[in-house]
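Good morning, and thank you for making time on the agenda. I should like to take you through one structure, beginning with its charged pairs and ending with its core and overall layout.

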Amino acid sequence: MRTAFFFRTAVATAALLLGAGTAFPGECPADKVGTDVMKPGATANSGATDNVLGAMDLGEQATMLPDHMFRLRQLEIQPGGEVAWHSHGEPPAIICVVSGEMTEYRSTCAVPILHKAGEVAPEVKTTSHWCKNTGTQTAVLLSADMLHASADDHMM
């Protein structure tokens, strides 16, 4: 009985928060979302390293996605460093900011989005963006993504 009460309370609270139109940390404010409202920025990576921590062939797994890889990478971006404009049309990803912070400039958001340590951000087929470390310490991110096996191992 008590569990059901807490569950109903949690669902009601979530509905209120979602209906309020406010953005959660690391999200674009609802009134700033659009199509191609942020234009491309950085055209080359600078002050950024990309280390593949592990990868697997998805054609050999239960998913049976031939010619696709699932990988985990660690990205380190120095203060002032940039990750060039790129799209996630093929490779969806999930980014977790481990330490530091990153400012994202996304095609679907009219304002920059600040991602702080501990935040997670999905990067889906509609995501085209570039990022800059506007903080004072090295930003460390983990990126889990799926990509076509013929793609560049270190594309950001």
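A salt bridge here is a side-chain nitrogen of Lys or Arg within 4 Å of a carboxyl oxygen of Asp or Glu. By that criterion, aspartate 145 and arginine 71 form a salt bridge through their side chains, with an N to O distance of 2.7 Å. Please bear in mind throughout that we are looking at a predicted model.

Let me stay with that pair. Aspartate 145 belongs to strand 8 and arginine 71 to strand 2, so that distant parts of the chain, 74 residues apart, are linked. Are these two partners buried or exposed? Aspartate 145 has a relative accessibility of 4% and therefore counts as buried. Arginine 71 also counts as buried, because its relative accessibility is 4%.

A second salt bridge involves aspartate 50 and arginine 73, whose closest N and O atoms are 2.8 Å apart. This pair, too, links distant parts of the chain, with aspartate 50 in strand 1 and arginine 73 in strand 2, 23 residues apart. Both aspartate 50 and arginine 73 are buried.

The third pair I wish to show is glutamate 82 with lysine 132, where the N to O distance is 3.9 Å. Since glutamate 82 lies in strand 2 and lysine 132 in strand 7, residues 128–132, this salt bridge ties together parts that are 50 residues apart in sequence. Glutamate 82 counts as buried because its relative accessibility is 18%, and the cut-off for buried is under 20%. Lysine 132, at 27% relative accessibility, counts as partly exposed.

How many salt bridges does the structure hold? There are five. Salt bridges with shared partners join Asp50, Arg71, Arg73 and Asp145 into one network. As general background, side chains of opposite charge can pair when their charged atoms come close.

I turn now to the nonpolar residues. In soluble globular proteins, nonpolar side chains tend to be buried together. Which residues form the largest nonpolar core in this model? That core has nine members: Leu75, Ile77, Val83, Ile95, Val97, Met102, Cys131, Ala139 and Leu141. At least two of its residues come from each of strand 2 (68–87), strand 3 (93–99) and strand 8 (139–148). Strand 2 contributes the most, with three residues.

One member, alanine 139, deserves a closer look. If we set aside neighbours within four places in sequence, alanine 139 is in contact with Leu75, Glu76, Ile77, Ser99, Gly100, Glu101, Met102 and Asn133.

Leucine 147 also has its place in strand 8. With a relative accessible area of 4%, leucine 147 is buried. Its C-alpha atom is separated by 9.5 Å from that of histidine 88, although the two residues are 59 residues apart along the chain.

Next, strand pairing. Strand 3 and strand 6 run antiparallel and are joined by four bridges. Within this arrangement, alanine 93 stands opposite glutamate 123 in strand 6. In a regular strand the side chains alternate between the two faces of the sheet. What lies on each face of strand 6, residues 120–123? Ala121 and Glu123 make up the covered face, and Val120 and Pro122 the uncovered one.

Two backbone details concern the loops. Aspartate 36, in the loop between helix 1 (2–19) and strand 1 (46–57), has a positive phi of about 50 degrees although it is not a glycine. Aspartate 67, in the loop between strand 1 and strand 2, likewise is not a glycine and has a positive phi, of about 65 degrees. Aspartate 67 is partly exposed, its relative accessible area being 49%.

Finally, the overall layout. The protein chain has one helix and eight strands, and along the sequence they follow the pattern α-β-β-β-β-β-β-β-β. Of the contacts in the chain with a separation of 6 or more, 75% are between residues 24 or more positions apart. Buried residues account for 31% of the 156 residues. The accessible surface of the chain is about 9,100 Å², and carbon and sulfur atoms provide 62% of it.

To close, I return to the charged network, in which Asp50, Arg71, Arg73 and Asp145 are joined by salt bridges that share partners. Thank you for your attention.

Notes: Residues numbered from 1 in each chain as written. Predicted model: local features only at pLDDT ≥ 70, side-chain atom pairs only at ≥ 80, totals over all residues. Heavy atoms only, no water. Core = buried A, V, L, I, M, F, W, Y, C linked by side-chain atoms within 4.5 Å. Buried < 20%, exposed > 50% of the residue type's maximum accessible area, 1.4 Å probe, protein only. Contact = heavy atoms within 4.5 Å. Areas by Shrake-Rupley, 256 points an atom, 1.4 Å probe, with all protein chains shown as cover. Pairing = 2+ DSSP bridges.
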